[in-house]
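I opened the notebook to record how the helices are laid against one another and what surrounds one of the pockets. The entries follow the order in which I looked things up.

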Amino acid sequence: MPSSSLTNELAAVISAEAAETAVFISLLQEEQEVLQSGKVDNLEVVAGKKTESLTRLAPFAMHRNRILADAGFASDRVGIDSWLEAHPDDAIREVWQRLQAGAREARELNRINGELIQMRIQQNTQILDVLLSASQPRGSLYGPDGQPAQFSGTRIIDSA
């Protein structure tokens, strides 16, 4: 049976991890709003905040896994599930379920944001293609004699 201090430590780590996951989710939602609005000026700021949040999240998982290993359980999701089976604790189970739900939500938001980014890239590529094709000389331009002008590589203003 794990000591109450181990149980308390595990509960605190999982709670902190769930809280930071909620912060990360809010940043993914903010990123989604920016991508949907097309006003991507704030995207760099949001990306920086996401990186900071991920940096804060990583130690929680490592700490949780170390606690599990120290208690003789696998240091992964199977380990926490085994720990909860062997030591029913409704408070830890509840926060663990909240963390798992948050992780699923974060994955889904991240997937959607990835699709929005791909759509934005495709849209920008199409716009660039249109602009590039519009900047290419066309044989349909007419010279002063009414005949189609041949492109000489010089600008019209250069011949005036």
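**Entry 1, helix 1.** I began by checking the length of helix 1 in this predicted model: at 1.5 Å a residue, its 34 residues should span 50 Å, and I found its end C-alpha atoms 49 Å apart, which agrees with that expectation. I then looked at what follows, and just after helix 1 I noted that G38 takes a positive phi of about 85°.

**Entry 2, helix 1 with helix 2.** I next looked up how helix 1 meets helix 2, and their axes come within 9 Å and cross at roughly 160°. Since angles over 145 degrees count as roughly antiparallel, I entered helix 1 as roughly antiparallel to helix 2. I recorded the handedness of this crossing as left-handed. When I sorted the residues of the contact between helix 1 and helix 2 by class, I had 19 nonpolar, three polar and 10 charged.

**Entry 3, helix 1 with helix 4.** Turning to the other partner I had in mind, I found that helix 1 and helix 4 pack with their axes 8 Å apart, at an angle of about 20°. The cut-off for roughly parallel is under 35 degrees, and helix 1 and helix 4 are therefore roughly parallel to each other. Their crossing, too, I noted as left-handed. For the contact of helix 1 with helix 4, my division by class gave 18 nonpolar, 10 polar and five charged residues.

**Entry 4, helix 3 with helix 4.** I also looked up helix 3, which covers residues 77–86, and saw that helix 3 and helix 4 pack at about 155° with 11 Å between their axes. That angle makes helix 3 roughly antiparallel to helix 4, and I wrote down a left-handed crossing for helix 3 and helix 4.

**Entry 5, a pocket.** Which elements give two or more residues to the lining of the second largest pocket? Before answering, I noted that the volume of this second largest pocket is about 250 Å³, and that of the 13 residues lining the pocket, E17, T21, L57, L99 and A103 are the closest to its centre. The elements I was asking about turned out to be helix 1 (4–37), helix 2 (43–70) and helix 4 (90–135). Finally, I divided the lining of the second largest pocket by class and counted nine nonpolar, two polar and two charged residues.

Technical notes:
Residues are numbered from 1 along each chain as its sequence is written. This is a predicted model: local features need pLDDT of at least 70, side-chain atom pairs count only at pLDDT 80 or more; totals for chains, interfaces and linings use all residues. Side-chain values use heavy atoms; hydrogens and water are left out. On a 1 Å grid over the protein atoms alone, a cavity is a set of points where a 1.4 Å probe fits but cannot get out, and a pocket is an open set with protein on both sides within 12 Å along at least five of seven lines; lining residues have an atom within 4 Å of a point. Grid points are joined across faces, edges and corners, and a volume is the space filled by probe spheres set on the points. Ala, Val, Leu, Ile, Met, Phe, Trp, Tyr, Cys and Pro count as nonpolar, Asp, Glu, Lys and Arg as charged, and the others, Gly among them, as polar. The expected span of a helix is 1.5 Å times one less than its number of residues. Axes are lines fitted to C-alpha atoms, for helices over the stretch in contact, and angles run from 0 to 180 degrees between N-to-C directions. Angles under 35 degrees count as roughly parallel, over 145 as roughly antiparallel, 65 to 115 as roughly perpendicular and the rest as oblique. A crossing is left-handed if the near helix is turned anticlockwise from the far one by less than a right angle, and right-handed if clockwise.
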